[in-house]
Amino acid sequence: TAPGGGEGGPPPLKMPRSTRDHAEESRRLIANMEHRLGESRAAPWQVRKRLFRDLQRELHPDKNLDDPEAAKLAFQRLMELRGSFLAP
């Protein structure tokens, strides 16, 4: 078998994501997060708090092993919005 894959050979190497891929993925994560936050802007404080905590868990870099760098950027943006979103 040929090196780098195929039966019996080592698995193919996973290519690292480029900076552009991280930026695109972080934009997608942030847009989704901002959409979800916007939909619940008028919800009671307890509902907003629960959504915020859910988003913290979903976007935490340690939970996004496929692209922790993009998750880090989205998580940082979420934390920037915390004060305004959770204000009573």
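This is a short walk through one predicted chain, from its overall make-up to a few single residues.

Because the model is predicted, local features need pLDDT of at least 70 and side-chain atom pairs count only at pLDDT 80 or more, while totals for chains, interfaces and linings use all residues. Residues are numbered from 1 along each chain as its sequence is written, and side-chain values use heavy atoms, with hydrogens and water left out.

I begin with the overall make-up. The chain has three helices and zero strands, and its elements run α-α-α from the N terminus on. Helices here are DSSP runs of H or I with at least four residues, strands are runs of E with at least two, and both are numbered from the N terminus. Of the 88 residues in the chain, 25% are buried. Buried means under 20% relative accessible area, exposed means over 50%, and partly exposed is in between, with a 1.4 Å probe and protein chains only. Among contacts in the chain with a separation of 6 or more, 59% are between residues 24 or more positions apart; a contact is heavy atoms within 4.5 Å.

Next, the core. The largest nonpolar core has 14 residues, and those with the most contacts inside it are Met 33, Leu 37, Leu 55, Leu 59 and Leu 78. Three elements give it two or more residues, namely α1 (19-39), α2 (45-59) and α3 (68-85). The most comes from α3, with six residues. By nonpolar core I mean a set of buried Ala, Val, Leu, Ile, Met, Phe, Trp, Tyr and Cys residues joined through side-chain atoms within 4.5 Å.

Two of those core residues can be followed further. Leaving out residues up to four places away in sequence, Leu 55 touches Met 33, Arg 36, Leu 37 and Leu 78. Leu 59 is in helix α2 and counts as buried, at 5% relative accessibility. Outside its neighbours within four places in sequence, Leu 59 is in contact with Leu 29, Met 33, Asn 64, Ala 71, Ala 74, Phe 75 and Leu 78. Leu 59 and Leu 73 are 14 residues apart along the chain, and their C-alpha atoms are separated by 9.1 Å.

Now the helix pair. Two packed helices are described by the angle between their axes and the distance between the axes. How do the axes of α2 and α3 cross, and within what distance do they come? They come within 9 Å and cross at roughly 165°. So α2 is roughly antiparallel to α3. The axes are lines fitted to C-alpha atoms, for helices over the stretch in contact, and angles run from 0 to 180 degrees between N-to-C directions. Angles under 35 degrees count as roughly parallel, over 145 as roughly antiparallel, 65 to 115 as roughly perpendicular, and the rest as oblique. On the α2 side, Arg 48, Leu 51, Phe 52, Leu 55, Gln 56 and Leu 59 meet Ala 71, Ala 74, Phe 75, Leu 78, Met 79, Arg 82 and Phe 85 of α3.

Then there is Asp 67, placed in the loop between α2 and α3. Is Asp 67 buried or exposed? At 4% relative accessibility, Asp 67 counts as buried. Its side chain makes a polar contact of 2.5 Å with the side chain of His 22. A polar atom of the Asp 67 side chain also lies 3.2 Å from the backbone nitrogen of Ala 70. A polar contact is a pair of N or O atoms within 3.5 Å; within protein, one must be able to donate a hydrogen and the other to accept it, and residues adjacent in sequence count only if both atoms are side-chain atoms.

Ala 70 comes up again with Ser 26, a residue of helix α1. Ser 26 is buried, with a relative accessible area of 6%. Not counting residues up to four places away in sequence, Ser 26 touches Ala 70 and Leu 73.

Last, Glu 39, which is also in α1. Glu 39 is exposed, at a relative accessible area of 61%, and its side chain is joined to that of His 35 by a polar contact of 2.9 Å.
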